[in-house]
Structures are given as structure tokens and as C-alpha cells.
Amino acid sequence: MIRSILVCALFSGAALASTTSAVQDETDAYASIAQLQQQMDAGKLSSATLTRQFTARVQQIDQSGPSLRAVLEVNPDAASLASALDKERKKKHGPLYGIPVMLKDNIDTGDHMQTSAGSLALVGAPATHDAALVTRLRDAGALILGKTNLSEWANYRSDHASSGWSGRGGQTRNPYALDRNPCGSSAGSAAAVAAGLTTVAIGSETDGSIICPASMNGLVGIKPTLGLVSRSGIVPISHNQDTAGPIARNVADAAALLSVIAGSDAKDPATIDSNKHATDYTRFLDPNGLRGKRIGVVRQLGGAEPNADRVLNQAIAVMKANGAIIVDPVTLPHLSELGAPETTVLLYDFKHDINAYLATRSGLTVHTLADLITFDKREAAREMPWFGQELFEQAEAKGPLTETAYTQALEKAKRLAGPEGIDAALKADRLDALLAPSWGPAYMTDPVLGDHIVSGDPTVGGASQPAAVSGYPSLTVPAGWAHGLPVGIVLFGAKWSEPTLIAIGYGFEQHTHVWQPPKFLATVAGKAQVTD
């Protein structure tokens with residue numbers, strides 16, 4: 001979900017200038033996977049050197065300097081793992097071999113790092129096994145560099161939270177303007193990639209927590225089809241909506257990362273058909289990916305924020321100029337009817353799923369949602385300085401997943417979002433994908449009132465809900481700027497349509513090249529905004 005908070009003072013512009021000037025050369029920090037592999041194959045760079053560079057940037061940018069608070073911990077084994085990978089490079093190779101990857105801290109790693117979901121309740125006893133996607137990353141030779149901060153419990157504790165805050169890590173800040181919010185529960189993963197603290201990262205989404213942080217940090221994010229990527233070993237909210245996915249600075253890197261983590265897993269029944277669809281997604285990186293694609297513009301998901309609408313219209317012009325067939329507008333049926341059943345489903349699922357997950361962890365003092373509620377009350381000074389835990393309490397009051405209120409809400413949500421929603425819109429105009437603004441530019445972090453946006457509310461902004469509720473894929477790409485803040489567009493489509501979305505997203509990216517590195521400004525510049 002997309003809620004979280006601010007607990008540290010902002011730096012002045014002068015202070016930032018003095019701290020960021022010491023940051024080392026950014027060539028490797030912002031290099032793509034392909035560029036890094038080329039350097040390593042030529043013997044000009046090693047995984048060990050790259051790991052040292054990123055570790056230094058974490059110390060200079062994240063732990064001091066701008067103090068982003070995006071990284072909870074660097075893997076204490078990173079240096080030795082990188083050296084071991086370098087020794088085997090001539091024998092083993094692949095797109096992610098030796099490439100640093102950071103993980104959202106709701107993803108289990110069976111090593112010396114914690115898996116806490118940002119909560120102090122889970123600190124002290126690391127997970128005993130790698131999540132399934134982590135096993136895939138390690139098997140591909142990826143270097144697990146560290147764990148990123150997140151909205152505590154993936155933003156499912158309170159409706160009044162401010163995204164990117166956790167009791168363990170404090171408030172993550174947006175590297176483009178430090179008084180702005182990074183958005184979504186994958187806030188740390190996105191801020192870390194944007195700031196050049198890692199090459200790529202893994203986030204997770206229930207509704208908006210990949211798409212929103214990727215958009216507001218100027219990045220590419222892929223929310224895969226539910227069941228394409230295993231969720232075993234990931235702290236859950238809802239087995240009906242949760243999925244992990246890539247966050248990267250370009251579509252090619254996101255596609256390469258998705259190619260590795262996708263696949264069936266016996267521990268996650270939702271992935272039973274994944275191997276039939278999982279593939280090498282880099283095959284769809286077509287610079288002419290826009291040509292001939294029929295793309296429908298969902299204006300219902302716009303109209304809330306002028307900058308987002310302006311950037312959307314500019315993106316449409318680029319798409320038309322490069323061969324896309326734009327149908328504008330199209331109607332997405334039942335959009336306003338998704339919120340109520342989704343809320344019911346998530347409350348029931350969270351109680352069931354978090355209890356099941358806690359049963360897999362040993363050495364903890366909390367074993368149920370009821371235990372977590374008690375812990376937060378006892379540790380209120382550290383865990384609830386800004387907002388409470390009303391979602392925890394509402395979820396705890398729910399019964400089993402056999403209750404009629406739950407089964408009816410689940411059936412309604414899936415039907416209205418999928419077959420009678422996205423599928424119907426695609427069929428009506430023979431579309432390949434749907435298009436909308438991802439979100440507007442980043443809003444101010446507000447510990448008192450919480451986030452200034454609500455996922456799926458057309459009056460506020462955000463286009464994640466239809467794909468999130470249906471379990472269908474979505475992809476956000478950078479598309480423009482507003483006062484120095486990134487603004488993205490989102491593409492979403494039918495189940496298993498990742499290849500089409502990647503082709504369209506890559507084709508758009510190759511004709512725009514919007515991405516720029518952040519300057520870690522204290523606040524936005526006061527320049528007049530171009531409106532056309």
C-alpha cells in the first residue's frame with residue numbers, strides 16, 4: 001500500500017553542497033547492467049570494486065550527507081561474496097553475474113542480515129532461509145548488497161502513515177528534493193536506485209508500492225502478474241495482491257532482473273503457471289516497440305494533478321509520432337467500485353497471511369498479529385510516535401477466510417477489476433495496453449497528516465489499483481518533470497502481458513531518455529513551470 005513519516009531534520013542547501021561534493025565518481029554508480037558487464041568482461045572493473053564503491057556511497061549519501069535513510073543495512077558478507085564471484089567469473093556468467101542488488105526489508109535472506117519489515121518486533125533473529133526470489137538471484141550470480149528501508153509492514157498499519165517511515169529505519173527521503181516523499185512502501189528500494197546506491201533493487205507491491213515510488217523517484221518499476229514471481233519468504237499483506245518486482249533506472253535493467261526472479265515455486269501455489277510464461281524479458285527490448293501498438297488512454301485516472309496530465313499528453317504525442325495507435329479516451333468499467341471490496345479482502349488476508357508468515361520465523365517474541373499489536377503498544381514511543389495501528393486492530397477483528405463477507409468481496413474485486421474491468425476495456429477497442437499517469441510529482445513528507453495521496457482515488461491521483469486488485473501487470477517509466485521532480489506514466493494490461501508492456505515502455509524510453517540523476521536538493525527550485 002502507499003502510506004509512511006519524517007523524523008530527522010532537513011539539511012540546508014549549503015550543507016548539502018559541502019557533503020555531496022565528497023561523493024566519488026558516479027560513472028559506475030549510475031551505469032546500466034550492460035555497461036557494468038562490459039567493463040567487468042574487459043577486466044576494467046570487478047564486482048569487489050563495485051561493491052566497495054556502492055558501500056562508500058551508502059556511507060557518504062545515505063548514512064551522512066543528504067542522509068536519505070534508504071538503506072537499513074549493507075550485507076556484512078558483501079565484500080567476501082563479491083570476491084568469490086570475481087574468482088568464478090570465467091566459469092560462470094550471466095546478465096546479473098556480479099551485479100549488486102538491494103532487497104526491500106520484507107524479503108527473507110538466510111544470512112546475517114535482518115528481515116524486519118521495518119518493525120522493531122522482528123529485529124534480533126534473522127530469517128533462516130532465503131526467499132525463493134533470493135535463491136534465484138544468488139543462483140544467477142547477483143550480489144545481494146543490502147536491505148532497504150520501507151514503510152513499516154509495507155504500509156499496512158495505519159491509514160495516517162507517511163510513506164517511507166519505519167520504526168527501525170526512520171524516514172526515507174526523496175533524493176530529488178529531500179523535503180519530498182519517496183512514496184510507497186518500497187520507498188527505500190526506489191530512493192537507493194535513484195541515488196546510485198545500488199544498480200537495481202527489488203520492491204514489492206500490494207497496491208502502488210512499486211509503481212508510486214518508482215514514478216516519484218524517476219525510475220522504471222514493474223509490478224508483475226500475480227504468480228509470476230514467488231512470494232514465499234516475503235512478509236505478506238495479501239496473497240491475493242502481493243507480488244515482488246524490479247525497480248531500476250531503465251527498462252533493460254528491469255527486464256533483466258525480472259527474467260531472473262520469475263518462475264514457478266512449489267511453496268507458492270499462485271506460481272503454478274509461472275514457468276509457462278516466464279521468459280527472458282530482454283528479448284522484448286525493441287526500440288520500435290511502439291510501432292503498431294494500440295494503446296488506450298484512461299482519462300478517468302487523470303485529471304487530479306496538472307503536471308501529471310501535462311506529462312501524459314506529452315507522452316501520448318511521442319507515442320503517436322513513433323507509430324503507436326492511441327485511443328483516447330477509453331472507459332475502464334467499475335473503477336469507482338474497487339475500493340470497498342479491496343479494503344475488506346486486505347483486512348481478512350493480512351490477519352491470515354501475517355500469522356502464517358510469523359509461524360515460519362524462529363527466535364522471535366511475536367508469533368501472531370495479536371502479539372504485534374501488544375508489542376506496538378508496549379513500544380509506542382519508538383513504534384507509534386506519529387501514527388497508530390488501526391489497520392492491525394481492524395484486521396485482528398476479522399474472522400476466517402471462509403466468512404461470506406470475505407468470499408463475496410474477493411469474488412467481486414477480482415471480477416470487477418479483471419474480466420469486467422481491464423479485460424473488458426482492452427477488448428472493447430482491441431487494445432494492447434492501457435495508459436495513465438503513474439502519479440503526480442512527489443508530495444511533501446508530512447508526519448502529522450500522513451500521505452497526501454490515496455491509491456486508486458481518481459480525485460487524488462494514482463493509477464495502481466486496477467492492476468493491483470486484478471493481479472495483472474503494470475509498468476511505470478519516467479516521462480517528464482515538474483519543478484525538478486520526476487513524473488511518470490503507467491502502462492497496464494492483461495494477465496501475463498509483461499512482454500507487451502516492456503516493448504512499449506522500452507520503445508517510449510528510447511525516444512525520450514527522460515532520466516536524470518538527482519541533485520539531493522533541500523527543496524524544489526522556485527522556477528516557473530513550462531506548461532506546454
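These are my notes on the nonpolar cores, helix H5 and Ser166 in a predicted model.

I number residues from 1 along each chain as its sequence is written, and I keep to heavy atoms for side-chain values, with hydrogens and water left out. Because the model is predicted, local features need pLDDT of at least 70 and side-chain atom pairs count only at pLDDT 80 or more, while totals for chains, interfaces and linings use all residues.

**Cores.** I looked up the largest nonpolar core (buried Ala, Val, Leu, Ile, Met, Phe, Trp, Tyr and Cys residues joined through side-chain atoms within 4.5 Å) and found 95 residues in it, with Leu133, Leu137, Ile202 and Met319 having the most contacts inside. Helix H9, residues 251–261, gives the most to this core, namely eight residues; helices here are DSSP runs of H or I with at least four residues, strands are runs of E with at least two, and both are numbered from the N terminus. I also noted a second, separate core of 29 residues, which includes Ile211, Val298, Leu335 and Tyr472.

**Helix H5.** In this helix, residues 132–139, I listed Ala132, Leu133, Val134 and Leu137 as buried, meaning under 20% relative accessible area with a 1.4 Å probe and protein chains only, where over 50% is exposed and in between is partly exposed. Their cover includes strands S2, S3, S6 and S8 as well as H9. Leaving aside neighbours within four places in sequence, I find Leu133 in contact (heavy atoms within 4.5 Å) with residues including Leu103, Ile202, Ser230 and Ile261. Just after H5, Gly141 takes a positive phi of about 85°.

**Ser166.** I placed Ser166 in strand S4, residues 165–166, and it counts as buried because its relative accessibility is 1%. Not counting residues up to four places away in sequence, Ser166 touches Gly118, Asn149, Leu150 and Glu152.
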